[in-house]
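Reader: I am new to this structure and would like to be led through it step by step. Could we begin once it is in view?

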Amino acid sequence: MRKLAVALMAALALVTVLAVGSGLAIGMAGLGVVAVVGDVHLLPEGPPPGVKGRPWVPVIAADAEARRGLPVDAYPHDCAVAKCVALTFDDGPGPYTAELLKTLAAEKVRATFFVLGEKVAEHPDVLRATVAAGHQIGNHTWDHRDLTGLDAAGVRSQLTRTADLVRKVAGVRPALMRPPYGASDRKVAKELEGLGLPEVTWTIDPQDWRGMGRDAVAAKVLKQVQPGEIVLLHDIKRESVKAVPRIVKELKKRGYVFATVSELLAPVVVTPGVQYRGLL
């Protein structure tokens, strides 16, 4: 049995090396991870016409690098076992973020905030409070540009300016990024790889930016949520912030626990330049 196990491990290692050598940015498709082939992000449903196979790496490991800047007790949940969901908030910090932080603290919930550099410059104290509360900070660019419309230097500038300011203000450097509008391509992926940043999108989008009321926002999230999913909300929208108490209380009743994005993705190999949608 021992010889067989060794042989299997060697074979898997060879397959992994060959796959990486083929030029694919590989993740775990069955776990909501996307592989980049050319300018196409392969979604978990399978490859588009003309692309054979479904990239998969049978390796399970925690992404310790993505845990930088968080308190040592920020990972109480094993999302390989627990019924986890990640709440994420985009486009802040803003005028309602402080209220949101109070709600999350009262419920003992950690979340991930994908911040804009220009908003960090306007609300540095709010960012410091967010980090002090143990939430994870992600990079959402400087001023919400569509990165696919910029050249490589423009993509780097949008991300490094924000990362540098976050570190200056709060002492942490974002280890994740989310592209505005979810727009990405091979050029963006290449720059992210160079910057050491995995790309995080979402599985649930209630489209709260449309100006809907808190009850509608909460209802959309609660109707769709499944274990391992990433929820997209905006802390610059007052009604979205008001919807969070109902969302949290109801999901707790259903047995969910709330994870940061890095905690949610800890059971998989997280690779810079690769897009992740959740642990599905």
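Author: A term is needed before the pockets come up: a pocket is an open set of grid points with protein on both sides within 12 Å along at least five of seven lines, and its volume is the space filled by probe spheres set on the points. What follows describes a predicted model.

Reader: What is the volume of the second largest pocket, and how do the residues of its lining divide?

Author: The lining includes D90, D91, H140, H144, W202 and H234. The residues of this lining divide into 5 nonpolar, 4 polar and 3 charged. The volume of the second largest pocket is about 170 Å³.

Reader: Is D91, one of the lining residues, buried or exposed?

Author: D91 lies in the loop between strand 3 and helix 2, and its phi is near 80°, a positive value in a residue other than glycine. Buried means under 20% relative accessible area. The value for D91 is 10%, so D91 is buried.

Reader: Which residue is joined to G92 by a cis peptide bond?

Author: The bond in question has an omega of about 0°. The partner of G92 is found in the loop between strand 3 and helix 2, and the residue joined to G92 is P93.

Reader: Is H144, which also lines the pocket, buried or exposed?

Author: H144 sits in the loop between strand 5 (136-139) and helix 5, and its phi, near 65°, is a positive value in a residue other than glycine. With the limit for buried set at under 20%, the relative accessible area of 19% means that H144 is buried.

Reader: Why can strand 3 be called largely enclosed by the rest of the structure?

Author: From this strand, C84, A86, T88 and D90 point one way, whereas V85, L87 and F89 point the other way, and all are buried. Strand 3 is therefore largely enclosed by the rest of the structure, the buried count for residues 84-90 being 7 of the 7.

Reader: How many bridges join strand 3 to strand 7?

Author: Strand 3 has several pairings, one of them with strand 8 (residues 257-258), in the parallel sense over 2 bridges, where C84 stands opposite V257. Another pairing is with strand 4 (residues 112-115), parallel and joined by 3 bridges, with T112 as the bridge partner of T88. Strand 7 (residues 229-234) also runs parallel to strand 3, and there V231 is the bridge partner of L87. The number of bridges joining strand 3 to strand 7 is 6.

Reader: What handedness does the unit made by strand 3, helix 2 and strand 4 have?

Author: Helix 2, at residues 97-107, belongs with strand 3 and strand 4 to one β-α-β unit. The handedness of that unit is right-handed.

Reader: Which element gives the most residues to the largest nonpolar core?

Author: In soluble globular proteins, nonpolar side chains tend to be buried together. Of the 37 residues in the largest nonpolar core here, L87 and F113 touch the most other members. Among the elements that give two or more residues to this core are strand 3, strand 4, helix 5 (152-170) and helix 8 (238-253). The element that gives the most, with 6 residues, is helix 8.

Reader: How far apart in space are A82 and G228?

Author: A82 lies in the loop between strand 2 (40-42) and strand 3, and A82 is partly exposed, with a relative accessible area of 28%. A82 and G228 are 146 residues apart in sequence, while in space, C-alpha to C-alpha, the distance is 9.1 Å.

Conventions:
Residues numbered from 1 in each chain as written. Predicted model: local features only at pLDDT ≥ 70, side-chain atom pairs only at ≥ 80, totals over all residues. Heavy atoms only, no water. Buried < 20%, exposed > 50% of the residue type's maximum accessible area, 1.4 Å probe, protein only. Helix = DSSP H or I, 4+ residues; strand = E, 2+ residues; numbered from the N terminus. Pairing = 2+ DSSP bridges. Right-handed = clockwise from strand over helix to strand, strands pointing away. 1 Å grid on protein atoms, 1.4 Å probe; cavity = no way out; pocket = protein on both sides within 12 Å on 5 of 7 lines; lining within 4 Å. Nonpolar A, V, L, I, M, F, W, Y, C, P; charged D, E, K, R; others polar. Core = buried A, V, L, I, M, F, W, Y, C linked by side-chain atoms within 4.5 Å.
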